[in-house]
Structures are given as C-alpha cells and as structure tokens.
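Subject: Structure for you to look at

Hello,

Here is the structure I promised to pass on. Please have it open while you read the notes below.

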2 protein chains.
Amino acid sequence: MIDQAAPHLPEGVHLVPAHPVAGTEYSGPDAGFATLFLDRWCILTPPDGTDSGAIDRVTAFWTALGANVEVMTAEHHDLVLAITSHVPHLIAYNIVGTAADLEEVTQGEVIKFSAGGFRDFTRIAASDPTMWRDIFLHNKGAVLEMLGRLNEDIAILARAIRWGDGDALFDLFTRTRAIRRGIISEGQETPEPDFGRRREP
Amino acid sequence: MIDQAAPHLPEGVHLVPAHPVAGTEYSGPDAGFATLFLDRWCILTPPDGTDSGAIDRVTAFWTALGANVEVMTAEHHDLVLAITSHVPHLIAYNIVGTAADLEEVTQGEVIKFSAGGFRDFTRIAASDPTMWRDIFLHNKGAVLEMLGRLNEDIAILARAIRWGDGDALFDLFTRTRAIRRGIISEGQETPEPDFGRRREP
C-alpha cells in the first residue's frame, strides 16, 4: 500500500499509515460504535524520513479516539498482523469450509453441535470476503511464512496424537493458557465465559 | 468409554451415554450456571439393544434441563465431535502455541494486537489440559482423519495465495458466511458483534 501511494504524494505531504487493530465481523459505516477504538491498539508505520510533526498529529488523533498507539516498520507490521490476524482468519475460513464439505457429517449437524468449539471460528469466518481476499493477496509473504510454521507445529501435534504422547499434548495445552491470561490482563478480552455471552434467555 | 464400561455392568443395568454439547472454557462444579444446557444439544449414544425405557428416561432428564436430545451411534458421535469440537480445539491450541514461539514477533505484541482475530482462538485454548489430552488420545482415529482433510484444504488455500488466485479465496470466504448464518438462526450463537462483548466501558 505504501509502495503504491508514495510515488503520487506531492512535495511536503507526509504519509503516516495507521492501522487500528479493532473491529467486528461487520463492515461499513453502520458497523461503527463510539467505543470501537477504546483501549485497542493502533499501529503507525511511517516510512523513514517522515516528518515527526506529522507522526505526532496522527498519534494525537488516535489517542483522542481512546486508542493506544505503537510505531513500527511496515515490514514488522505485516509479520505481526500475519500471526495475530491474517492466519487466524485463514484458518477460521478453512475449518468452516472443510466442515461444510464433509460427506459423513451433515451441515445441519455441524450447526447444531457448534457449541463444542467450532462456533468460535465462525465469527471471523463471516468477515467481508472482498477485504480478506485483498489482504491475503497483499500480505502473501508473511502469511505463507506463518502458515508454514503453523503446519510444522500441527504435524508435531498429529504425531503426538497418533503415538499417544500425552505429555506433549498436556505441555502445549498448559502453555497456551498463559497467553490467554495475558490477553485478559492487558484488557484485550474479558474473562467472562463464552466471551461474556449472555446467560439469561 | 463404552467399550471400557460395558463389561462391568450387572445384568439388567442399561448404559445410556449422554454428551451435552455445552460448556465454557471453565471446568468443575463452580463453572456451572442455571441456563448452561438451555437450547443446547445433548447427544445420546445407546449401544444396540439398549432398553428403550432407559433411553426415554435419560431423554426426559436432559429435556427437563432445557436441552434438545439427538440419538446416534457412538461412532458417528466421535466423527461429529471431531469436526465440531476436537479439531477446533487442536487448531486453537496449536495457533496459540505457534504464536508464543515466534522469534520475530514478541509474546507482548501477540497479546496487544490480539483483537485482530487471534483472540477468538484463545478462549478454547484455555480449556482444561487434562481433559483435552484424554479426548485426543481417545478419539485418535476421527481426529487424525478430520485433521488430514483440513490440511489438504489448507494446502489448496496456501497455493491460491501463492499464485494470486483471488477468485478461489473469494468463493471460500463467501461460502463460509452461510454456516455462520445457520448457527445464528438455529439459536446456537447471537448475531451481536464480538460475541455480544460489552461495548460500554
């Protein structure tokens, strides 16, 4: 995006790309709400040599909306987003697609019994198809790199299951809880069960 | 489980295994609440020749708790749960583990920017490690079969990204929305953005 826009900027105009890491599975102006950016992080990726006054003004804009601001290179942004957003979306789209294609299990069964965990994946797999197609085509390198690592780790896990290595499974399943706790203590999620889904009918 | 229990049952005792597909990432008696089973599905897997009166009594028990009941073979149950619950948990544990091990992206960054989609995976990756180790060791066949299919589909997607096949990506991303709509219209999820996570501070 930066490479495409930069050649067209007039003298004295500074480009400060900003990516607020916030949002829902809905798109467009009607999907906004007043606290959308509150306590979420906004990433700025100013190219080398960007005027520091311009960076300060963009920072002040996002801070005024309630966001926290972090500055990094565009290359690092693409890696960070590949693992925190793009690959999760790809996996979610993929598992929902695989489930829809099974011959032994009907789509009705997948829907009925989705409360067992599958449901969590469907939220992000309902995101805007056009935007996500373009994201994958534009962040190809980082997405394929992260996907490759994920596949290596899946192969190790599959082997542990096949050979009954319960300790390896237990170790991983214990380690992953720490990340969840970090996300909750940093205010990026609530600890309420089921994402705070209402319990009362 | 059925194979292990069946030889020890006295004459005239009928085993009607029941699996309520409901729950949160928390375990134990304190994690229960009054509406936990309301409108969720409970699967009964009575072996051939089970007394129909016994099945009726177990059905009445779960119905009284607010659940819907479906009867199927244990083998079909294991396949259905592999795709709707076990593989989603495995993938969630795996992606959280992969993210924790990266050298280019810090754990702090993964936590900060988790609102981009990653966060959704961490809920089920915080589930009880002992229970999940045992589930994978006991439903090995169905889990490995479903995981194999998922891997085939991921390979197709990775290829589409590598070669810039935007139409293939768009088609999948459109198809997966229908499953999400089915889950919402069947009452297994709310349509509120972010799983109805509260918007007001």
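The notes start with the model and the whole chain, then turn to one helix and the two copies.

This is a predicted model, in which local features need pLDDT of at least 70 and side-chain atom pairs count only at pLDDT 80 or more, while totals for chains, interfaces and linings use all residues. Residues are numbered from 1 along each chain as its sequence is written, chains are lettered from A and ligands numbered from 1 in the order written, and side-chain values use heavy atoms, without hydrogens or water.

Chain A overall

Chain A has nine helices and three strands. (Both are DSSP runs, numbered from the N terminus: H or I of at least four residues for helices, E of at least two for strands.) The order along the sequence is α-β-β-α-β-α-α-α-α-α-α-α. The C-alpha trace spans about 60 × 40 × 35 Å along its principal axes. Of the 201 residues in chain A, 49% are buried. (Buried is under 20% relative accessible area, exposed over 50%, partly exposed in between, with a 1.4 Å probe and protein chains only.) Contacts are heavy atoms within 4.5 Å. Among the contacts in chain A with a separation of 6 or more, 69% join residues 24 or more positions apart.

Helix H2

H2 of chain A covers residues 52–64, 13 in number. Its first and last C-alpha lie 18 Å apart, close to the 18 Å expected at 1.5 Å a residue. (The expected span is 1.5 Å times one less than the number of residues.) Its buried residues are Ala54(A), Ile55(A) and Trp62(A). They fall within an arc of 100° seen down the axis of H2(A), so they line one face. (The arc is taken over directions from the helix axis to the C-beta atoms.) Their cover includes strands S1 (18–21), S2 (41–44) and S3 (68–71) of chain A. The face turned away from the buried side carries exposed Ser52(A), Asp56(A), Arg57(A) and Ala64(A).

Look at both ends too. Asp51(A) caps the N-terminal end of H2(A), with a side-chain oxygen 3.2 Å from the backbone nitrogen of Gly53(A). Just after H2(A), Gly66(A) has a positive phi of about 100°.

The two copies

Chain B superposes on chain A by a rotation of 180° with 0.0 Å of shift along its axis, at RMSD 0.0 Å. (The fit is by least squares on C-alpha atoms of residues with pLDDT of at least 70 in both.) The copies are thus related as by a two-fold rotation axis. They meet through the same surface, because 100% of the interface residues of chain B are also interface residues in chain A.

Best wishes

Notes
Polar contact = N/O pair within 3.5 Å; in protein donor to acceptor, adjacent residues only side chain to side chain.
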